[in-house]
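User: Hi! I'd like to learn how to read a structure feature by feature. Could you walk me through this one?

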Amino acid sequence: ITDVMLPGLSGPEMVSHLLIRQPSLKVLYMSGHTADALAQRGGFAGMPLLEKPFTQEKLVEALKTVFQK
């Protein structure tokens, strides 16, 4: 689980580095920005996203979705 916006390196950039070492890595992004807003910035469409704030139930639901893939 990583935020989309991180200081110095974005979540997707960090994940791309991690996927080199662990190609089967499962990733769930979270953000205070909506999926639509992130998609407009480019390169984020179709990625699993948990919008903040979220409940424990939403977190569990999102994790189940990511690990079923």
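Analyst: Happy to. Let's begin with one side chain: Lys-52 is partly exposed, with a relative accessible area of 34%. Please keep in mind that this is a predicted model.

User: Where does Lys-52 lie?

Analyst: Lys-52 sits in the loop between strand 3 and helix 3. Leaving out neighbours within four places in sequence, the residues in contact with Lys-52 are Asp-3, Met-30, Ser-31 and Gly-32. For Gly-32, the C-alpha to C-alpha separation from Lys-52 is 4.6 Å, although their positions lie 20 residues apart along the chain.

User: How should I read a charged pair, and how many salt bridges does a search of the whole structure find?

Analyst: The general idea is that side chains of opposite charge can pair when their charged atoms come close. In this model the search finds one salt bridge. Asp-3 and Lys-52 form it, and their closest N and O atoms are 2.6 Å apart. That pair links distant parts of the chain, with Asp-3 in strand 1 and Lys-52 in the loop between strand 3 and helix 3, 49 residues apart. The two side chains are also listed as a polar contact at 2.6 Å.

User: Is Asp-3 buried or exposed?

Analyst: Asp-3 has a relative accessible area of 15%. The cut-off for buried is under 20%, so Asp-3 counts as buried. Its partner Lys-52, at 34%, is partly exposed.

User: What is special about the peptide bond from Lys-52 to Pro-53?

Analyst: The peptide bond that joins Lys-52 to Pro-53 is cis, and its omega is near -10°. Pro-53 belongs to the loop between strand 3 (49-51) and helix 3 (56-68).

User: Now the sheet. In what order do the strands come, and is the pairing parallel or antiparallel?

Analyst: As a general idea, strands of a sheet pair through backbone hydrogen bonds, either parallel or antiparallel. Here three strands make an open sheet in the order 1-2-3, with parallel pairing. Strands 1 and 3 stand at the edges with a single partner strand each, so one side of each has no neighbour in the sheet. Strand 2 (residues 29-31) pairs with strand 3 in the parallel sense over three bridges. One of the residues to look at is Met-30, whose bridge partner in strand 3 is Leu-50.

User: Which residues does Ser-31 touch?

Analyst: Ser-31 is in strand 2. Not counting residues up to four places away in sequence, Ser-31 touches Asp-3, Val-4, Leu-38, Leu-49, Leu-50, Glu-51 and Lys-52. Asp-3 and Lys-52, the salt-bridge pair, are thus both on the contact list of Ser-31. At 0% relative accessibility, Ser-31 counts as buried. A polar atom of the Ser-31 side chain lies 2.9 Å from the backbone nitrogen of His-33. For a wider view, Ser-31 and Leu-59 are 28 residues apart in sequence, and their C-alpha atoms are 12 Å apart in space.

User: What about strand 1: is Thr-2 buried or exposed?

Analyst: Thr-2 is placed in strand 1 (residues 2-3) and, at 7% relative accessibility, counts as buried. Beyond neighbours within four places in sequence, Thr-2 is in contact with Gly-11, Met-14, Val-15, Leu-28, Tyr-29 and Met-30.

User: And the surface: which residues make a nonpolar patch?

Analyst: Leu-18, Leu-19 and Leu-25 make a nonpolar surface patch of about 210 Å². Among them, Leu-25 lies in the loop between helix 1 (11-21) and strand 2. With a relative accessibility of 33%, Leu-25 counts as partly exposed.

User: One more: where does Lys-69 lie?

Analyst: Lys-69 lies in the segment after helix 3. Its relative accessible area is 64%, and Lys-69 is exposed. Lys-69 and Lys-26 are 43 residues apart in sequence, with their C-alpha atoms 8.5 Å apart in space.

Conventions: Residues are numbered from 1 along each chain as its sequence is written. This is a predicted model: local features need pLDDT of at least 70, side-chain atom pairs count only at pLDDT 80 or more; totals for chains, interfaces and linings use all residues. Side-chain values use heavy atoms; hydrogens and water are left out. Helices (H or I, at least four residues) and strands (E, at least two) are DSSP runs, numbered from the N terminus. Buried means under 20% relative accessible area, exposed over 50%, partly exposed in between (1.4 Å probe, protein chains only). Contact means heavy atoms within 4.5 Å. A salt bridge is a side-chain nitrogen of Lys or Arg within 4 Å of a carboxyl oxygen of Asp or Glu. Two strands pair if DSSP finds at least two bridges between them. A polar contact is a pair of N or O atoms within 3.5 Å; within protein, one must be able to donate a hydrogen and the other to accept it, and residues adjacent in sequence count only if both atoms are side-chain atoms. Patches are made of residues with over 30% relative accessible area and no salt bridge: like charges are joined within 9 Å, nonpolar side chains (Val, Leu, Ile, Met, Phe, Trp, Tyr) within 5 Å. Accessible areas come from the Shrake-Rupley method with a 1.4 Å probe; for residues, only the protein chains shown count as cover.
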